[in-house]
Amino acid sequence: MESDLLQNIEKLHTTDLGKMRIRRNLSLDTEDAVGWCREKILNPQAQISRNGKNWYVETEDCVITVNAASYTIITAHKRRKEKGKSGWKKVIFLDIDGVLNANPQNGGHHGEICDKAFIDADKAALLGKLAARTSAALVLHSGWKFWFDEHLCPTREEAGNLVELLAQNGMSIQDVTPDFTTEEIRKTKKFSLVKAKEIKAWLGEHPEVEQWIVLDDLCLHDEEVEAHQIKTDQEKGLTEEDIEAGIRMLGGFSGETAGSGSRGQSMDRSMERTDGDIVIREIRYGDYTGLMELYMQLHNNPMPEKTERIEKIWKTVLEDARHHIIVAEEDGKIVSSCVCIIVPNLTHGQCPYALVENVITDAGHRKRGLASKCLDHAKRIAQREGCYKMMLLTGSKEESTLHFYEQAGYNRKDKTAFIQWL
């Protein structure tokens, strides 16, 4: 049957979103994701199999999923890594029933996995928000893991549908937990009795993981694991509140105050970079005063009183997955910053674009390349989000300032900027 795919190899294609997803999942340098996949499929060493409505192509370093009817590349992901070498710093242990769907009909969970179970597209989109905001890898600890083979290729239609829906939201299953079930557990489908043990065993094999959470609607019978658990309501499934909690626990941005404890104060290291004594990172809740003190040097802005209105704006900025405030920190002080906003877009293949604003460096720390480092970090974010361009405005007419932005990769020739003050 594999000849069907090979005979129609020229029909191979994917969407613009698919191209971005493939390049991100496989860390590709090339823009031609389809051509790259085509070469992998044509490799004589590739193993091609058909399961349900998809082809699965297993190569030495990745697995490619192709819709058998349309020859659309749905997704591609790296093959499972060796123990301790995944490179993942953050992990989401994912259950399915009661998380990516609501399961009121399964009261008491006499069966924790149901044939022909559906996945709620809205829940998958919420999970995508969590994964994108934290750059965390997905590790399946649900009974659904038995519907995948050793290379994470689906072996049942339900699992194939899960893979497709995750891919549509920029995700893929990176690994599964080990199997500690017994015949009795498999018969009764009460997998929660051993889930905590399986999770801890997986973590023991991956000491590189620094932060992790568990999404599950059941009691996991282990205090250590439950301290990392976001316990969903099985009648509702995953909610916005669950996502906000996950972002906090994995070091993302939250509007919570310091009262939320160390989890609320932990930082997102997935995009943090260190250069000598300078740390380039995204903003955290506790950075309000330091950032506003820096902003006082931007157009001579006064320090605003932290009113309820200001607090609401601050929380809105922190919780907006598309709003990134990048800062350079030295000895605990914020000394440079810029803002990068990702704008969804329906043109240019539905690729987003990025707007850069509020570029500022403390007067005592200028001429050290700090703003350039912040702009470079913003560029990394824009590339990660699949943006096709970045734009910024400057009110300066000084040639040195204009040259600075040109050195950062911007040009003043392609577009004419207009501004209307309101």
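## Helix α5 and its surroundings

Helix α5 has 12 residues, and from its first C-alpha to its last it reaches 17 Å, close to the 16 Å expected at 1.5 Å a residue. The model is predicted. This report starts at the helix, moves to a strand that helps to cover it, and then visits some loops.

### The helix

α5 is mostly covered. Nine of its 12 residues are buried. They are E158, A159, G160, L162, V163, E164, L165, L166 and A167. An α-helix has 3.6 residues a turn, so residues three or four places apart point the same way.

What covers these buried residues? The cover includes the helices α2 (16–26) and α4 (121–134). It also includes the strands β2 (54–58), β4 (73–78), β6 (137–140) and β7.

Take one residue of the helix, E164. It lies in α5, which spans residues 157–168. Is E164 buried or exposed? E164 counts as buried because its relative accessible area is 14%, and the cut-off for buried is under 20%. Leaving out residues up to four places away in sequence, E164 touches K53, N54 and I74.

After the helix comes G170, which has a positive phi near 75°.

### Strand β2 and its partners

N54, a contact of E164, points one way from β2 together with Y56 and E58. W55 and V57 point the other way. In a regular strand the side chains alternate between the two faces of the sheet. All of these β2 residues are buried, whichever way they point. Five of the five residues of β2 are buried, so the strand is largely enclosed by the rest of the structure.

Which strands pair with β2? One is β1, residues 47–51. Five bridges join β1 to β2, and the two run antiparallel. Here N51 stands opposite N54. The hairpin of β1 and β2 has two residues between the strands, and G52 takes a positive phi near 65° in it.

Another partner is β3, residues 62–67. Five bridges join β2 to β3, and this pair is also antiparallel. E58 has V63 in β3 as its bridge partner. β2 and β3 form a hairpin too, with three residues between them.

### Loop residues

Next come four residues that sit in loops. The table lists the place and relative accessible area of each.

| Residue | Loop | Relative accessible area | Class |
|---|---|---|---|
| S135 | between α4 and β6 | 35% | partly exposed |
| F180 | between β7 (173–176) and α6 (183–188) | 30% | partly exposed |
| H221 | between β8 (211–216) and α8 (223–226) | 52% | exposed |
| L393 | between β15 (390–392) and α14 (399–407) | 43% | partly exposed |

Why does H221 count as exposed? Its relative accessibility is 52%, and exposed means over 50%. S135 counts as partly exposed because its value is 35%, which lies between the cut-offs of 20% and 50%.

Two of these residues also have notable backbone angles. Most residues other than glycine have a negative phi, and most peptide bonds are trans. S135 has a positive phi near 55°, and S135 is not a glycine. H221 is not a glycine either, yet its phi is positive, about 60°.

F180 brings in a different point. F180 and E198 are 18 residues apart in sequence. In space, their C-alpha atoms are 6.4 Å apart. Which residues does F180 contact, apart from neighbours within four places in sequence? They are V194, K197, E198 and A201.

L393 belongs to a nonpolar surface patch. I419 and W421 make up the patch with L393. Its area is about 400 Å².

### The whole protein

Now step back. The protein has 14 helices and 15 strands. Of its 422 residues, 50% are buried. The accessible surface comes to about 21,400 Å². Carbon and sulfur atoms account for 48% of that surface.

How do the contacts spread along the sequence? Consider contacts between residues at least 6 apart in sequence. Of these, 63% join residues at least 24 apart.

Key. Residues numbered from 1 in each chain as written. Predicted model: local features only at pLDDT ≥ 70, side-chain atom pairs only at ≥ 80, totals over all residues. Heavy atoms only, no water. Patch = residues over 30% accessible without salt bridge, like charges linked within 9 Å, V, L, I, M, F, W, Y side chains within 5 Å. Areas by Shrake-Rupley, 256 points an atom, 1.4 Å probe, with all protein chains shown as cover. Salt bridge = Lys/Arg side-chain N within 4 Å of Asp/Glu carboxyl O. Helix = DSSP H or I, 4+ residues; strand = E, 2+ residues; numbered from the N terminus. Buried < 20%, exposed > 50% of the residue type's maximum accessible area, 1.4 Å probe, protein only. Contact = heavy atoms within 4.5 Å. Expected span 1.5 Å × (residues − 1). Pairing = 2+ DSSP bridges.
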